[in-house]
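This report describes the spaces inside and on the surface of the structure shown below. Please read the text beside the structure.

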Amino acid sequence: MPGLEDLYREIILDHYRSPRNRGELDTPPAVRAEGFNPLCGDEIVVYIDVDDNSIINDVAIGGQGCSISQSSASMMSAAIKGKTVSEARKLIGAFKGLMSIHEGELDGDAAESDRDHGPEADPDIRLGDLEALKGVVKFPVRIKCATLSWNTLAQALGEASPV
Amino acid sequence: MTDWAAVKKDFPLLRRQVHGTPIVYLDSSNTSQKPQSVIDAMSAYYETVNANVHRGSYEIAVKATEALEQVRAKVARFINAPATNEVVFTKNATEAMNLLARSWGGANLGPGDAVVISEMEHHANIVPWHMLAAEKGFELRWISVTADGHLDLSDLDQLLDGAKLLSITAMSNVLGTLNPVPRLAEAAHRHDALIAVDASQYVPHIATDVQAMGADFMVFTGHKMLGPMGIGGLWAHAEILESMPPFLGGGEMILQVTKEGFTTNEIPWKFEAGTPMVAEAVGLGAAIDYLENLGMDEVRRHEVELTGYAMRSLTERHGDKITIHGPSEPAERGGVLSFVYDDVHPHDVAQVLDQAGVCVRAGHHCAKPLLRTLGVPATSRASLYVYNDESDIDCLAESLDSASDIFSL
Ligand SMILES: Cc1ncc(COP(=O)(O)O)c(C=O)c1O
């Protein structure tokens, strides 16, 4: 049985208590995207400022939510700042891969091999601190909390730099 | 004197453990647990009389039809409806509200008309009106909610002026507030409007009398009153039901079908298209028997006492850290305690409580407009019923300590 310590790791609580890159950016030049979790009412606002070289110069996070959605957003903001749009997209894939471990376990081999061949298997992607969120997959209802900011980032990237 | 410890033993699910500790179920506003007698009645139905209703002439088909219709009579008695054929079965309160909106609303509402609801409504009494208003072009007006969780009735006459319907909850599923339905009915009727009462949270807990309420429509849902999921209902005066067009079309709701058209069955079957939920009706009947055996006045007394105990013990143990929303006087509210704990997010509160086996709901409780008024994005909600006791409350109060431990800044 998973315990609370699997979920509420110290680094997660640290990002929750002192969120990084909290605030707003002027739009334009930045773009703004909003995400909602209709289940629990969490709301995330992601601002990104992408320069002509497709580098994410600045990022800011607004909104409110539980410790998991807030810390995930905070870690995400730290991880993508200074990265290129395409690196950020790979990171989204890698993070979603991390969050789908649970489905992989449920679905057996099929999902497992999906993961090996998906973009998230890219060996160059380092999740770093974000690995701490791995425990979330043991609490399936919280996966949506963890992925909320990432889905919102994907929207913002789509607007800033359409594929 | 009711033996409440024996009552708890009637609920098999409450004997199980979660995460290695006994379950403490405090989410009955969401759905109630079921006594053994309800579960047994439903099995017995399938084991002995299952057949489609209103269609067969053989023994068990007749018995199944009787079983369904007997529960209709039981429901009518339980809510003191003037007549049995005024009770329409639906799958839940939401469907009943949609039936009311689509059928009565569809026929009676148009540009220049208004429907009055309140800020403390469940989405089931908001969204059907939004949907219909978008189509029919009538106005949706809102009774606001005061800081202490009551309806603000200061401008009620203005709101009702020119309105055709007041649709209002008898008890808030977030705040526990009990609304003054008879007074609201009187006001609505003075303005020639009808009143629909969402009694989803009321019927399970308080003796219900639709006539004393002065209601024209009332909706309820079986799974919150010890019955199974999948059955609820709409009650309305026979003349109103007669005047309403059918809702869903199909078998059961017709008298005659030709290539040119159809004629509708009598009420209430006119509104019950297709094969009904007979086993669920039987389960609901057993749930009503169970509640009547306890006595609704006893049920209410137990819950007022326990609500008072919960409010006292939570504030004694947690002081300023806990904010309980809604009326402060236990006798003026239902056993629904929405609270915010320190600055710990309700989702995290619920997670920590779950680890101790305590089931509470976290979120917006399908009442987003109300939470916006209260100025909170979400709350945790503990709600009580016949099987809860002081030990459940103690467990809730103690388990909240770990929320402090984990999240304190
Ligand atoms: C006040 C109120 N109305 C309506 C409903 C909807 O009930 P159901 O989901 O059974 O249709 C609920 C259930 O949460 C409720 O609390």
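## Pockets and cavity

In this predicted model, H12(B) gives the most to the lining of the largest pocket, with four residues. Helices are DSSP runs of H or I with at least four residues, strands are runs of E with at least two, and both are numbered from the N terminus. A pocket is an open set of points on a 1 Å grid over the protein atoms alone, with protein on both sides within 12 Å along at least five of seven lines; a cavity is a set where a 1.4 Å probe fits but cannot get out; lining residues have an atom within 4 Å of a point.

Helix H12 (346-355), strand S15 (358-359) and strand S16 (361-363) of chain B each supply at least two lining residues of the largest pocket. Its lining has 15 residues, and A:Val141, B:His347, B:Ala350, B:Val360 and B:Ala362 lie nearest the centre.

The second largest pocket is lined by 22 residues, with B:Asn30, B:Thr94, B:His122, B:His223 and B:Lys224 closest to its centre.

| Space | Volume (space filled by probe spheres set on the points) |
|---|---|
| Largest pocket | about 480 Å³ |
| Second largest pocket | about 320 Å³ |
| Largest cavity | about 30 Å³ |

The search of the whole structure finds one cavity of 30 Å³ or more. A:Pro19, A:Arg20, A:Arg22, A:Ile61, A:Gln70, A:Ala73 and A:Ser74 line the largest cavity, and helix H3 (residues 67-80) of chain A gives the most to this lining, with three residues.

Residues are numbered from 1 along each chain as its sequence is written, and chains are lettered from A in the order in which they are written. Totals for linings use all residues, while local features need pLDDT of at least 70.

Note on methods
This is a predicted model: local features need pLDDT of at least 70, side-chain atom pairs count only at pLDDT 80 or more; totals for chains, interfaces and linings use all residues. Side-chain values use heavy atoms; hydrogens and water are left out.
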